[in-house]
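These entries record what I looked up in one structure, in the order in which I looked.

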Amino acid sequence: MEVTTAKGYFHTYAIKFRSTIKPEEFEQFASLSTDWERFTFVNELKWRVVNDLPLEHSLDSGKCLVKALDHKANGDRLQRNKDWLNALKCYNLCYLLLPEENVLEKAHLLDNRSQLLLNLGKLDQSLEDADRAIVYGYPEEQLSMIWERKARIYQSKKDFKTAVECFDKAIHYLTVHSSLTPEHRDKRIEELKKLVDAVYYQYKNVQKYLEPPKGSRTFQPHLDGSVQYDSTEKEGRFATAKTDIRPNQTILKENPHAATLLKEYSGTHCSDCFERINVLYCCPDCTDVVFCSGRCEKNGCASYHRYECGYLRSLWNSGATIVSLLTLRVITQKPYSYFDKMRHNLSSLTTSLTDKLPNEDYRKIFNLVTHSDKRSTEDYFIWTLMATMLNTVLTMTSYNTEKQNDNFLGYLLLHNLQIINYNAHDVSEIQRKHSNEAGVSVAIGAALYPMLALFNHSCDPGIVRYFSGKTVHVRTIKNIAAGTIIAENYGPLYSRMSRPERRKSLATNYMFECNCHACDADFPTCANMIHSLIRFRCTGTGCQEAVLYNLHSDCQGVRCGACGHIVDIGDRIRKLREANMIGRFNEASHLYHVGLFEHALSKYAAIMMIMDQVLVPPYRDYHMCQQGMRRCCLELGSCYISRPISEQ
């Protein structure tokens, strides 16, 4: 990954800035040994072409009252026609475009959307919109309708005590502020009083049987006890199996330290949790990000978005990649004082400390690999210049008001760029047009997962990762023996790409030459596998080596080249036939196609357990089972159908 693309103003700015650097200055930069020195050096020279960096706060917030009211009118019409899903889309657009100062329009919109959400059975969201309509100053003479709606929702939720309180509020507003005729008003009050009596009776009679309301569950990260982290000077830190691990075992569930969406999905997914937007909430000052709930909106606008608001469009136009945007997010999600307190302790961090820290602690990620010793001076120069641009955003947004000339934040940004580049993961979802079509895994953003980042690469990985929102889930897709590496995959698989291609890709993007088992043994791609050549596992005591056998041969016994044991080929073939591999595989595939993904996973895993007893990878059937498991796991994560049957 790179920190910038060739499109956008930063690329042009960087070329011009580089042209102003004299040869002796560039040699001086190359001789610097720390990121603090590099940032300070480049930042002090930035004034030479500062006018060519058009980074500025966007004056166009994207809000527009006229367009917003057009969407509301369309939503009202669609709601009258009971086209509720399309009406919701119109109301969402209206809410996004309404300027913050148009509070009365917002109040009326939220009242209408609250009623719509009630029609759709989304009770909690309906309540939230009703509460917001009240806060925005919904006319008092009409407030009784909102309070009555809230009362009926609480009644359906069996929260009778709150329902009574809301009915009382409705009666109050009917009595004091109603625009109804006295006769009509008194009739409505009498009806509501009867409802209050009935609900109060329910409350008194069932309250002793009701369970107390359940609070929202806090996320609990999970790292399986069979996983441990080892370390060597060559490999760094990496995950290994403490005990034998079977396929289809969930070994990790983790929320990221930081995450950010790609520009293309900033209007369709929640900026905070990455869930697809159903009921839209937004920043009051811009249309660049959206949220799925009031909770996510509050979290985003109170932390990272308050510093990114108004600058995201400029950063997108600059050509800054997701690496640079995520680097900025690592900083903006915490206040400056948070980093300032730890500045003198970062250089002395130990794994015994960081392993115990929660994922949201910056110290957890500070010592992740940066490969700074392998980077060319030209690359380092561009990365440092990007850090100065990101630091300019922090300066312009008054992120750090106390120490404007302090280079500490710039140093962290340059350090974080390197961490993100080699440790972040794409966050993806499965997308398809129709429910009966094969899905495609599409990256919607990127995130940094501190525990997942410690899993090393193999071209024959033992795990698959999938996402629900921005939470990553990791499952095993093969048997992993105790003491061996638990490997994930950074992109190239042996089954699809030759060893020279894989090694070139990994060296370019991740700065290492791959020596995984698939590369050392030079596994053939699936297209080049000889299907008549079977790799039976040696049955000699303590030997696990492969014994090659050609299906066209009449030989019934083959001597193992490693231990000399003669393997009874007839017995091995008979065992495979008795296991009914083809029938089991077809059954697993059927379970996948009918949507029983967990059942299919169990079937695939059972096949692999049997195959592992008799055969040694690589072979096509084993790979097919792994692919089946990958498909099932991806379906358990975030999925999106652009044209569901209900909307066709």
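**Entry 1. Phe10 and Tyr13.** I looked up the accessibility of two aromatic residues in this predicted model, and found that Phe10 and Tyr13 are both buried. Both belong to helix α1 (residues 9-20), where they are three residues apart, about one turn of the helix. I noted the general rule that an α-helix has 3.6 residues a turn, so residues three or four places apart point the same way.

I then turned to the rings themselves. The structure holds 25 aromatic pairs. For Phe10 and Tyr13 the ring centres are 6.0 Å apart and the planes stand at 55°, so I entered this pair as tilted. I also followed the ring pairs outward: they link Phe10 and Tyr13 with Phe17, Phe26, Phe29, Phe41 and Phe381 in a cluster.

**Entry 2. Tyr336 and Tyr399.** What is the geometry of the pair formed by the rings of Tyr336 and Tyr399? I found their centres 6.4 Å apart and their planes at 90°, so the pair is edge-to-face. This pair links distant parts of the chain, with the two positions 63 residues apart: Tyr336 is in helix α15 (residues 336-342), while Tyr399 is in the loop between α18 (377-396) and α19 (408-423). I checked the cover of each ring residue against the cut-off for buried, which is under 20% relative accessible area. Tyr336 counts as buried because its relative accessibility is 6%. Tyr399 counts as buried because its value is 4%.

**Entry 3. Charges over rings.** I next looked up arginines placed over aromatic faces. Arg113 lies over the face of Tyr281, at 5.2 Å from the ring centre. Arg329 lies over the face of Tyr304, and there the distance to the ring centre is 3.9 Å.

Arg329 led me to helix α14 (residues 322-332), in which 11 of 11 residues are buried. Arg329 is itself among the buried residues of α14, which also include Ile322, Ser324, Thr327 and Thr332.

**Entry 4. Arg38.** Is Arg38 buried or exposed? I found a relative accessible area of 11%, so Arg38 is buried. Arg38 has its place in helix α3 (residues 35-45). Its side chain is joined to that of Asp35 by a polar contact of 3.0 Å. Leaving aside neighbours within four places in sequence, I listed the contacts of Arg38 as Phe29, Leu32, Ser33, Tyr380, Thr384 and Leu414. One of these, Phe29, also appears in the aromatic cluster of Entry 1.

**Entry 5. Strand β5.** I noted the general rule that in a regular strand the side chains alternate between the two faces of the sheet. In strand β5 (residues 258-261) I found both faces covered: Ala258 and Thr260 are buried on one side, and Ala259 and Leu261 are buried on the other. Strand β5 pairs with strand β9 (residues 440-448) in the antiparallel sense, over four bridges. Within β9, Leu448 is the bridge partner of Ala258.

**Entry 6. The whole chain.** Last, I looked up the totals. The protein chain has 25 helices and 16 strands. Its C-alpha trace spans about 105 × 75 × 45 Å along the principal axes. Of its 648 residues, 50% count as buried. I recorded an accessible surface of about 31600 Å² for the chain, of which 51% belongs to carbon and sulfur atoms. Among contacts between residues at least 6 apart in sequence, 67% join residues at least 24 apart.

Note on methods. Residues are numbered from 1 along each chain as its sequence is written. This is a predicted model: local features need pLDDT of at least 70, side-chain atom pairs count only at pLDDT 80 or more; totals for chains, interfaces and linings use all residues. Side-chain values use heavy atoms; hydrogens and water are left out. Buried means under 20% relative accessible area, exposed over 50%, partly exposed in between (1.4 Å probe, protein chains only). Two strands pair if DSSP finds at least two bridges between them. Rings of Phe, Tyr and Trp (its six-membered ring) pair if their centres lie within 6.5 Å; planes under 30 degrees apart count as stacked, over 60 as edge-to-face and the rest as tilted. A charge sits over a ring if NZ of Lys or CZ of Arg is within 6 Å of the ring centre and within 35 degrees of the ring normal. A polar contact is a pair of N or O atoms within 3.5 Å; within protein, one must be able to donate a hydrogen and the other to accept it, and residues adjacent in sequence count only if both atoms are side-chain atoms. Contact means heavy atoms within 4.5 Å. Accessible areas come from the Shrake-Rupley method with a 1.4 Å probe; for residues, only the protein chains shown count as cover.
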